[in-house]
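Dear colleague,

Please find below the structure that I am handing over to you. My notes on what was found in it follow directly after.

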Amino acid sequence: MKKTIIVAAMLALPTFAGQKLVAVLPPAQPAAPAPAVSPWSLELAASYTWAVPDINQYSIPCKEIKSIGADITAVYSITDNHAATLRFGYTWGGEKFADGYGITDLDNFWNKTRIHTFTLMPGYRYTAPITESVSWFVGANIGIANASVKETWYASSMRYDAYHKSAWGFAYSAEIGLRYALTPCMDVFCAYQYGGNTASPKDDESIRYTHRQHGHQARVGVGFKF
């Protein structure tokens with residue numbers, strides 16, 4: 001019996017000798033999908049505006065309006081270069097009369113004007129890289145504005161009249177700037193912007209104030225990606 005088993009094993013050796021050993025490996029596991037990148041980002045910015053309004057107050061020419069502001073902008077990236085934006089902004093400032101106006105020596109008569117403006121503007125932005133960290137952008141916005149004017153009159157150092165009026169109009173802006181990426185989710189930017197609005201509040205005698213405010217703006221801020 002033992003001889004029979006040994007002979008059968010020897011006869012089977014040539015058969016197995018010609019076979020290649022094949023390693024049986026477990027099936028490969030699929031790679032984990034890359035985390036989804038949100039197309040949304042948010043910007044917080046501050047601005048300084050020096051504007052030239054097309055107005056005359058009681059035949060007194062207004063020289064300029066200087067104001068400071070803040071805005072928050074939601075950005076939706078359509079592609080790496082193109083994005084849609086929605087900006088809510090606020091500016092606060094005052095008027096400066098032309099040289100030789102605003103104060104008279106006769107009765108020490110002068111006035112003080114403060115202007116508050118809210119804007120809501122959808123827009124478009126194009127962005128292109130310069131280096132890995134630096135990019136430039138250009139954009140435009142158009143929407144609505146509400147300008148509110150508070151006028152206070154003084155004579156002989158005594159306040160004797162005041163009113164507060166507001167009006168709605170169109171708002172618009174165009175900007176060009178640079179952006180620097182601090183981290184993959186955070187960047188800083190600076191921009192030059194030109195913009196204005198058509199809101200024209202009237203006083204009790206139907207004289208318009210802050211008619212067609214428009215001017216130059218320096219804007220700086222920080223952006224966050226979700």
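**A side-chain contact, and what surrounds it**

In this predicted model, the side chain of N197 comes to 3.1 Å from the backbone nitrogen of A199. N197 belongs to strand 8. This residue is buried, with a relative accessible area of 6%, which means that N197 falls under the 20% limit set for that class.

**Overall make-up**

The protein has one helix and nine strands. Read from the N terminus, the order of elements is α-β-β-β-β-β-β-β-β-β. Of its 226 residues, 36% count as buried.

**Strands 1, 8 and 9**

Strand 9 has antiparallel pairings with two other strands. With strand 1 the pairing runs over 11 bridges, and with strand 8 it also runs over 11 bridges. On the strand 1 side, S41 stands opposite K225 of strand 9, and A46 stands opposite V220 of strand 9. On the strand 8 side, D187 has G223 of strand 9 as its bridge partner.

Strand 1 itself shows an alternation of side chains. S41, E43, A45, S47, T49 and A51 point to one face and are buried. W40, L42, L44, A46, Y48 and W50 point to the other face and are not buried. In a regular strand, side chains alternate between the two faces of the sheet. Of the two strand 1 residues named above as facing strand 9, S41 is thus on the buried face and A46 on the other.

**The largest cavity**

How many cavities of 30 Å³ or more does a search of the whole structure find? The search finds one. The largest cavity has a volume of about 410 Å³. It is lined by 29 residues, and those closest to its centre are T49, T91, T119, G196 and Q217. Strand 1, strand 3, strand 4, strand 5, strand 7, strand 8 and strand 9 each give two or more residues to this lining. Strand 4 gives the most, with six residues. By class, the lining of the cavity has nine nonpolar, 17 polar and three charged residues.

**The largest pocket**

The largest pocket has a volume of about 710 Å³. Its lining holds 34 residues, and D80, T127, R179, D187 and K225 lie nearest its centre. Two of these have already appeared in the strand pairings: K225 stands opposite S41, and D187 is the bridge partner of G223. At least two lining residues come from each of strand 1 (40–51), strand 3 (60–77), strand 4 (82–97), strand 5 (109–129), strand 6 (134–155), strand 7 (158–183), strand 8 (186–197) and strand 9 (214–225). The lining of this pocket divides into 15 nonpolar, 12 polar and seven charged residues.

**Cysteines**

How many disulfides does the structure hold? It holds zero. A disulfide is a covalent bond between the sulfur atoms of two cysteines. C185 is partly exposed, with a relative accessible area of 44%. C190 is likewise partly exposed, at 40%. Both values lie between the 20% and 50% limits, and therefore neither residue counts as buried or as exposed.

With kind regards

Terms used
Residues numbered from 1 in each chain as written. Predicted model: local features only at pLDDT ≥ 70, side-chain atom pairs only at ≥ 80, totals over all residues. Heavy atoms only, no water. 1 Å grid on protein atoms, 1.4 Å probe; cavity = no way out; pocket = protein on both sides within 12 Å on 5 of 7 lines; lining within 4 Å. Points joined across faces, edges and corners; volume = space filled by probe spheres on them. Helix = DSSP H or I, 4+ residues; strand = E, 2+ residues; numbered from the N terminus. Nonpolar A, V, L, I, M, F, W, Y, C, P; charged D, E, K, R; others polar. Disulfide = S-S within 2.5 Å. Buried < 20%, exposed > 50% of the residue type's maximum accessible area, 1.4 Å probe, protein only. Polar contact = N/O pair within 3.5 Å; in protein donor to acceptor, adjacent residues only side chain to side chain. Pairing = 2+ DSSP bridges.
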